[in-house]
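Okay, thanks for coming, everyone. I'll keep this short and go from the whole chain down to a few single residues. Let me put it up on the screen.

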Amino acid sequence: NKQARLLRTKVLGAKIRQCRLSSGKTIKDTAGLIGVTSSVFSSYEKGRKGISLPELEIFSYHLNIPLRTFQSGAPMIDNDKPSIHPEYLIPLRQRMIAAKLRSRRKELGLSLRQVTKDIGIPPSRLSSYERGESSIPLPMLESLVTEFDLSLDDFVENHGPISRWINRQHEIESFLMLPDELRAFLTEPSNESYLYLAQKLSQIPPEKLHALAEGLLEITA
């Protein structure tokens, strides 16, 4: 009915706006992506006018958002991320990175002068980095990581909300790298019981799994 369609248009507009804001794009930029004016796109976001399916498909494509996000009955997008206070987090992370660099240098038995001679900076600067007093530019950190035979992944945050977000991105990347037929199998709701079974089998010690397989062969022989 008319009231239901009006409500649906409002909800759809709110989802579109959330997605656009999360992507960091302006109304003008996003309107250009789907070939409409800024005023028309603004009317979509405010729920004054309903976006068409072809426009929504292009919008989803450009912002890399699953189209089903906008289907009727789909929950609102979860933007309720824990608050992050950079004024506290960044100095803390700098000290953590500094401590790991200092520890690794001493573990390798290298002096400040030896390291700085190789990478071309004054010893005082590296000392400042190691005390967490100065922010380390990423290219400089990459040079130090290479010098100390480490990986940049060793310095990426592994606790807290940012870490969980990074891990989720890695999980998505790993899923997308799977063969098409395996992705199709994993996303089919009717296959959920097989996935749980596979999970349980993976937890069985190899020797017990081997014995189980032999028992099944005897039964079916």
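So, starting from the N terminus, the elements of the chain read α-α-α-α-α-α-α-α-α-α-α-α. That's 12 helices and zero strands. Keep in mind that this is a predicted model.

A few overall numbers next. The chain has 221 residues, and 24% of them count as buried. Its accessible surface comes to about 15,700 Å², with 57% of that belonging to carbon and sulfur atoms. As for contacts, take the ones between residues at least 6 apart in sequence: 56% of those join residues at least 24 apart.

Now let's zoom in on one helix, H6, which covers residues 112-119. Which residues are buried in H6? They're Val115, Thr116 and Ile119. If you look down the axis of H6, those buried residues fall within an arc of 95 degrees, so they line one face of the helix. And what do they pack against? The buried residues of H6 meet helix H5 (86-107), H7 and helix H8 (138-147).

Flip to the face of H6 that's turned away from the buried side, and you find Arg113, Lys117 and Asp118, which are exposed. Then, just after H6, there's Gly120, with a positive phi of about 80 degrees.

Since H7 came up, let's stay there for a second. H7 runs over residues 123-130, and Ser127 sits in it. Is Ser127 buried or exposed? The relative accessible area of Ser127 is 17%, and the cut-off for buried is under 20%, so Ser127 counts as buried. The side chain of Ser127 also makes a polar contact, at 2.4 Å, with the side chain of Arg131.

Last stop, back toward the start of the chain: Thr30, in helix H2, residues 27-34. Thr30 is buried too, with a relative accessible area of 0%. Where does the Thr30 side chain reach? It gets to the backbone oxygen of Thr26, at 2.8 Å. And if you leave out residues up to four places away in sequence, Thr30 touches Arg20, Lys25, Phe41 and Phe59.

So, to recap: we have a predicted model with 12 helices and zero strands, a helix H6 whose buried residues line one face, and two buried residues with polar side-chain partners, Ser127 with the side chain of Arg131 and Thr30 with the backbone oxygen of Thr26. That's it from me, happy to rotate the view if anyone wants another look.

Terms used: Residues numbered from 1 in each chain as written. Predicted model: local features only at pLDDT ≥ 70, side-chain atom pairs only at ≥ 80, totals over all residues. Heavy atoms only, no water. Helix = DSSP H or I, 4+ residues; strand = E, 2+ residues; numbered from the N terminus. Buried < 20%, exposed > 50% of the residue type's maximum accessible area, 1.4 Å probe, protein only. Polar contact = N/O pair within 3.5 Å; in protein donor to acceptor, adjacent residues only side chain to side chain. Contact = heavy atoms within 4.5 Å. Areas by Shrake-Rupley, 256 points an atom, 1.4 Å probe, with all protein chains shown as cover. Arc of directions from axis to C-beta.
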